[in-house]
Amino acid sequence: MVYGAIMNNESNEKTVVSIDDAIEAIGMGPFQRRVLWAAGLCFTADATEVMLLSFLSLTLQSEWGLTDMQTATMTACVFAGSIVGTLFFGFYGDHYGRRPAFLLACALISLFGLATAFATGYPSLVGVRFMVGFGVGGLVVPFDVFAEFLPTSHRGVKLLAIEYFWTAGSLMTPLFAYLTLETSWRIFVVLCAMPCLISGIMGICLVPESPRWLLSMGRHEEAKEILRSAASANGIDPDSLFHANVTLKDEQVESSNFLDLLSSKWKRSTLFLWGTWIGYAVGYYGTILAVTRIFDEDAMNDAQNDNGGTPHFNYQAIFISASAEILGLIVVIRTIDSLGRVPSQVMSYLFGGTLLFTLSILSTVTSNSAILMALSFFARAFEMMGSCVTWVSTAEIYTTEVRTTGHASANAMGRTGHSSVHILLEEACLW
């Protein structure tokens, strides 16, 4: 029986409905848009903290006279922190709730992001950036919170809407750098911490606990109250939708820990997802670093020459490359449901990887900036398309009891891919 028919049932019989039917009945509306803004700003924060490294590492190498190894370590410590953080927050989110994990991640990134501005030397900087990375590891949780409030019929396209916030972060970071780095890198890192601080405030005010998680914990009345509140926010009478005779169906409760991901039920999916996330991270972040290496050679020389000034970045090239994500996002939103999850990823990563390889080879034999910029633009667009679908499909594949743990573990694998890019580039430079 469809939930609409149950809703209009005026009998006194007790009615049991599934959480999927209940959320479908609530529909899309202002409630989901509020959650989208809170969760989306976490994605903006993730993007700014990733993009920030390209500017901050070279700037401090120049101003503080850091060695190449110290500069690489400063970047690697953020990804090391995020690997630890993803594993911690995956467990925490599945056992103690999505909302506490969401707010804790925001608090850590905001606190230590602001503390970066007060770092007085290399050791303190590495410490605070590790903790920023640890918080960044929890940003998979807001994505899952948003996914669990979406009706199944809207999930594919609406989940992709959150990627606009990532793209906003990718565009904001070079803009912040352009406006502030000549004055002070400390102002720059404070601005980059603002999206997560705002997200945390919005999360406190607007984001409730996931009713799916509450049901998996046996907390039925709390789940029902949140659904009533969501219905009211969407302009639906909660008394007609969730009256006294409506009971939410139990969700199957299973143990959820990291080892469950390697059980017979999840092993195959988990291993394939881990491989996909590592490949996506290498391709996506490799594209970002390739643009820095190819178009910011002057900035790298400034940093390595230890002239004490701010490196001269090619902001135009960085901004144009980042804007390619808008094109990729628009295309994938229009094609994800028609092409399907797997074909979309295969096509995107195949073209993105081919273009990145071509860019790397041609950059050694030509200085034609127009050709190199076109290759970097479309490489990043395709990598963005693939990464968007990977995020969506991961949230859809795992069920409630292991969703955050599974998504976090995949994200951790992606962070290892990020870290490996630096090693690969350093080795390539030695040759």
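**Close-up views of a predicted model**

**View 1. Packing of helix 9 against helix 16.** Helix 9, which covers residues 163–180, packs against helix 16, residues 315–339, at an angle of about 170 degrees, and the axes of the two helices are 10 Å apart. Because angles over 145 degrees count as roughly antiparallel, helix 9 is described as roughly antiparallel to helix 16. On the side of helix 9, the contact is made by E163, Y164, W166, T167, S170, L171, P174, A177 and Y178. Helix 16 contributes Y315, I318, F319, A322, S323, E325, I326, L329, I330 and I333 to this contact. As with every view in this set, the model shown is a predicted one.

**View 2. The protein as a whole, as a setting for the close-ups.** The two helices of the previous view belong to a protein that has 19 helices and 2 strands. Of its 431 residues, 55% are buried, and the protein exposes about 17500 Å², of which carbon and sulfur atoms supply 64%. Among the contacts between residues at least 6 apart in sequence, 81% join residues at least 24 apart.

**View 3. A salt bridge between helix 6 and helix 3.** The count of salt bridges in the model comes to 11, and one of them is formed by R129 with E49, whose closest N and O atoms are 2.5 Å apart. R129 lies in helix 6 (residues 122–136) and E49 lies in helix 3 (residues 30–64), so this pair ties together parts that are 80 residues apart in sequence. Are the two partners buried or exposed? R129 is buried, with a relative accessible area of 1%, and E49 likewise counts as buried, at 2% relative accessibility.

**View 4. The salt-bridge network of D94, R98 and E148.** R98 forms a salt bridge with E148, and the closest N and O atoms of this pair are 2.8 Å apart. Since R98 lies in helix 5 (residues 98–116) and E148 in helix 7 (residues 140–148), the pair ties together parts that are 50 residues apart in sequence. R98 counts as buried at 0% relative accessibility, and E148 is buried as well, with a relative accessible area of 1%. Salt bridges that share partners join D94, R98 and E148 into one network.

**View 5. G97, in the loop between helix 4 and helix 5.** G97 lies in the loop that runs between helix 4 (68–96) and helix 5, and at 0% relative accessibility this residue counts as buried. Which residues does G97 touch, when those up to four places away in sequence are not counted? They are Y92, E209 and W213. The C-alpha atoms of G97 and L214 are 7.9 Å apart in space, although these two residues are 117 residues apart in sequence.

**View 6. The salt bridge of D337 with R341.** D337 forms a salt bridge with R341, and the closest N and O atoms of this pair are 2.9 Å apart. D337 counts as partly exposed, at 49% relative accessibility, whereas R129, shown in View 3, is buried.

**View 7. A nonpolar patch on the surface.** L87, F258, L259, L262 and L271 form a nonpolar patch on the surface, and together they have about 460 Å² of accessible area. One member of the patch, F258, lies in the loop between strand 2 (246–248) and helix 14 (267–295). At 36% relative accessibility, F258 counts as partly exposed.

**View 8. F118 and L206, each with a partner distant in sequence.** F118 is found in the loop between helix 5 and helix 6, where it is exposed, with a relative accessible area of 68%. F118 and V190 are 72 residues apart in sequence, and their C-alpha atoms are 9.8 Å apart in space. L206 is found in helix 10, which covers residues 185–206, and counts as partly exposed at 31% relative accessibility. The C-alpha atoms of L206 and F31 are separated by 8.5 Å, while the two residues are 175 residues apart along the chain.

Key. Residues numbered from 1 in each chain as written. Predicted model: local features only at pLDDT ≥ 70, side-chain atom pairs only at ≥ 80, totals over all residues. Heavy atoms only, no water. Patch = residues over 30% accessible without salt bridge, like charges linked within 9 Å, V, L, I, M, F, W, Y side chains within 5 Å. Areas by Shrake-Rupley, 256 points an atom, 1.4 Å probe, with all protein chains shown as cover. Salt bridge = Lys/Arg side-chain N within 4 Å of Asp/Glu carboxyl O. Helix = DSSP H or I, 4+ residues; strand = E, 2+ residues; numbered from the N terminus. Buried < 20%, exposed > 50% of the residue type's maximum accessible area, 1.4 Å probe, protein only. Axes fitted to C-alpha atoms, helices over the stretch in contact; angles between N-to-C directions. Parallel < 35°, antiparallel > 145°, perpendicular 65-115°, else oblique. Contact = heavy atoms within 4.5 Å.
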